[in-house]
Amino acid sequence: MLDSYGRSIDYLRVSLTDRCNLRCIYCMPEEGISKRNHQDVLRFEEILKIVKGSASLGIKKIRYTGGEPLILKGIDELIYNTSQISTIEDISLTTNGILLYDMVPELKKAGLKRVNISLDTLNSEKYSYITRGGDLSKVIGAIDKCMALGIGPVKINVVLMKDFNDKEVGDFINLTKSMPISIRFIELMPIGEGEKLYKESALSTDTILEDYPNLIPISNRSDSTARLFKLKDGKGTVGLINPVSCKFCNRCNKIRLTPMGTIKPCLHSENEINIKEYIYNEELLIAALKKAITNKPLEHHLDKEKSSRSKKMMYQIGG
Ligand code: SAM
Ligand code: SF4
């Protein structure tokens with residue numbers, strides 16, 4: 001379906017939970033997250049109804065994210081049931097990878113084709129610092145297992161941060177020499193906890209192009225948010241994602257579903273459409289989804305305002 005600016009909206013990102021087994025410093029506060037009651041968050045059967053309704057409006061791609069989606073029991077079944085919707089062409093998952101190693105076979109069996117794993121450093125002490133306690137070896141093991149079992153291409157999301165991982169950019173890029181993975185450097189966004197770090201840590205991904213002129217541009221899908229590059233004879237790719245310095249709102253094809261049952265037509269807008277109350281009435285549900293797509297704002301204002309207008313945090317919306 002087209003939004004009111006003529007953009008074709010075919011991608012739904014679903015945040016399955018706002019809970020997480022890590023506490024990345026730019027995403028979640030260390031303490032003070034209270035657990036929601038079960039009735040306040042969508043159940044998988046409700047999510048499936050929304051996914052089906054969205055599919056009838058032209059949504060073809062689904063990404064399950066969070067919080068951390070792999071802490072939820074039955075996610076393989078949700079993926080399987082999603083894969084049975086005939087018009088859904090692509091199902092992917094964004095995870096921190098901590099619980100992934102043991103789950104790769106069941107996720108693959110359920111129909112998962114692709115996975116994005118968030119990993120901001122290759123140094124175990126720095127990893128433990130940025131995630132407040134995460135074990136890097138678990139993530140590395142999961143990446144190897146995904147590749148061994150053919151879930152791929154594996155995409156690694158790296159939030160670029162000054163004086164944290166900017167000296168590791170070369171090490172990440174070098175992984176693409178021999179491994180068929182996609183390393184994607186993403187700008188830190190001033191949203192939620194990220195806003196506190198933004199001033200001192202934000203760095204444009206353009207600096208990578210200045211420092212690594214050996215990256216060769218390659219073409220990418222027209223709706224992709226990443227500018228893609230590769231090393232000469234490299235097996236993988238390097239993506240640069242600039243949500244702040246060079247926004248891609250004119251190509252945005254997504255809407256987002258939060259665990260609380262609201263649709264966010266734009267990650268950085270305060271607008272949310274509550275669809276929870278319509279889940280069991282197909283006609284009203286479709287009308288609410290149409291309204292959400294139609295009301296998608298033209299653009300965000302992060303570049304000028306240096307602050308997101310979103311009232312929800314990244315762990316509540318999903319990246
Ligand atoms: N827990 C899963 C994970 O970490 O992959 C999925 C949810 S997490 C919110 C999704 C993505 O958002 C991660 O890649 C994370 O690095 C990114 N993210 C969180 N806060 C961010 C911020 N302030 N700026 C840029 N990316 C952010
Ligand atoms: Fe959890 Fe992902 Fe946020 Fe890290 S980025 S705290 S893993 S939701």
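In this predicted model, Pro217 stands opposite Phe229 of strand β8. The pairing that frames this position links β7, residues 216-218, with β8, residues 227-230. The two strands run antiparallel and are joined by three bridges. On from there, β8 also pairs with β9, which spans residues 237-241. Three bridges hold this pair as well, and the direction is again antiparallel. Here Arg227 faces Leu240 of β9 across the strands. A hairpin is formed by β8 and β9, with six residues between the two strands. Within its turn, Asp233 adopts a positive phi of about 65°.

Two further backbone features deserve a look, and both sit in loops that flank β5. Before that strand, Gly152 and Pro153 are joined by a cis peptide bond, with omega at about 5°. Pro153 belongs to the loop that leads from α5 (136-148) to β5. On the other side, the loop between β5 and α6 (169-178) contains Asp163. Although Asp163 is not a glycine, its phi is positive, at about 60°.

For readers with an eye on binding sites, ligand 1 offers plenty of detail. Around it are 19 residues, and those that come nearest are Tyr26, Gly67, Glu68, Ser118 and Met189. Two of its polar contacts involve side chains. An oxygen atom of ligand 1 is placed 3.0 Å from an N or O atom in the side chain of Tyr26, while a nitrogen atom of ligand 1 lies 3.2 Å from an N or O atom in the Glu68 side chain. The backbone takes part too: a polar backbone atom of Thr95 is 3.2 Å from an oxygen atom of ligand 1. On its own, ligand 1 has 550 Å² of accessible area, and the protein covers 95% of this. Two elements, β3 (90-95) and β5 (154-160), each give two or more residues to the shell. By class, the shell around ligand 1 holds seven nonpolar, 10 polar and two charged residues.

The surroundings of ligand 2 can be listed in full. They consist of Cys20, Leu22, Cys24, Cys27, Met28, Gly67 and Asn96. Five of these residues are nonpolar and two are polar, and the shell of ligand 2 has no charged residues. Gly67 links the two descriptions, as it appears among the residues that come nearest to ligand 1 and also in the shell of ligand 2.

Open and enclosed spaces in the protein complete the picture. The second largest pocket has a volume of about 440 Å³. Its lining is made up of 18 residues, with Arg19, His38, Val41, Leu42 and Leu72 lying nearest the centre. In terms of class, that lining comprises six nonpolar, four polar and eight charged residues.

As for enclosed space, the structure holds one cavity of 30 Å³ or more. The volume of the largest cavity is about 30 Å³. Lining this cavity are His268, His300, His301, Leu302, Glu305, Ser307, Ser308 and Arg309. One residue of the lining is nonpolar, five are polar and two are charged.

Notes:
Residues are numbered from 1 along each chain as its sequence is written. Chains are lettered from A and ligands numbered from 1 in the order in which they are written. This is a predicted model: local features need pLDDT of at least 70, side-chain atom pairs count only at pLDDT 80 or more; totals for chains, interfaces and linings use all residues. Side-chain values use heavy atoms; hydrogens and water are left out. A residue is near a molecule or strand if one of its heavy atoms lies within 4 Å of it. A polar contact is a pair of N or O atoms within 3.5 Å; within protein, one must be able to donate a hydrogen and the other to accept it, and residues adjacent in sequence count only if both atoms are side-chain atoms. Accessible areas come from the Shrake-Rupley method with a 1.4 Å probe; for residues, only the protein chains shown count as cover. Helices (H or I, at least four residues) and strands (E, at least two) are DSSP runs, numbered from the N terminus. Ala, Val, Leu, Ile, Met, Phe, Trp, Tyr, Cys and Pro count as nonpolar, Asp, Glu, Lys and Arg as charged, and the others, Gly among them, as polar. Two strands pair if DSSP finds at least two bridges between them. On a 1 Å grid over the protein atoms alone, a cavity is a set of points where a 1.4 Å probe fits but cannot get out, and a pocket is an open set with protein on both sides within 12 Å along at least five of seven lines; lining residues have an atom within 4 Å of a point. Grid points are joined across faces, edges and corners, and a volume is the space filled by probe spheres set on the points.
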